[in-house]
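Please go through this chain with me, from its overall fold down to single residues, with the cut-offs stated along the way.

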Amino acid sequence: MSKSLDRVLQPDGSYKWQETELIHSTASVEPEVCPAPEPLVPGELAIDETNPEKGILTADFELMTKAQLETYGRTIGIELDKRHSKADLITELKNFTLAN
């Protein structure tokens, strides 16, 4: 085996240069594979039962914070200003989604 010159901590708190054995693991390491995460959508999603098309998901803006509204707006292509009130942000989002 090969050795390496390393600084080793001594009981009195000082360091001393010593030759130490290199430790190599013989076990093969397999990478851990995790499933891909589901896409995250800010805010709560609920099925809009008033929509005739079943299964349409809509964001409930009233449950979202101003930061979540701003993030959601960016995902759909509108830049919102958090300095405005939450009601103003919701109005801007609704107007934008109706226009597009």
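**Fold, helix H2 and hairpin**

The chain has two helices and four strands, where helices (H or I, at least four residues) and strands (E, at least two) are DSSP runs numbered from the N terminus. This is a predicted model, in which local features need pLDDT of at least 70, side-chain atom pairs count only at pLDDT 80 or more, and totals for chains, interfaces and linings use all residues. Residues are numbered from 1 along each chain as its sequence is written, and side-chain values use heavy atoms, with hydrogens and water left out.

Reader: What span should helix H2 have at 1.5 Å a residue?

Author: The expected span of a helix is 1.5 Å times one less than its number of residues. H2 holds 14 residues, 86-99, and its end C-alpha atoms lie 20 Å apart, which agrees with the expected 20 Å.

Reader: Which residues of H2 are buried?

Author: Buried means under 20% relative accessible area, exposed over 50% and partly exposed in between, with a 1.4 Å probe and protein chains only. By that criterion, the buried residues in H2 are Leu89, Ile90 and Leu93.

Reader: Why are they on the same side of H2?

Author: An α-helix has 3.6 residues a turn, so residues three or four places apart point the same way. Taking the directions from the helix axis to the C-beta atoms, the buried residues are on the same side of H2 because they cover an arc of only 100°.

Reader: Which residue stands opposite Val8 in E2?

Author: Strands E1 (residues 3-9) and E2 (residues 15-21) pair in the antiparallel sense over seven bridges, pairing being assigned if DSSP finds at least two bridges between two strands. In E2, the residue opposite Val8 is Lys16.
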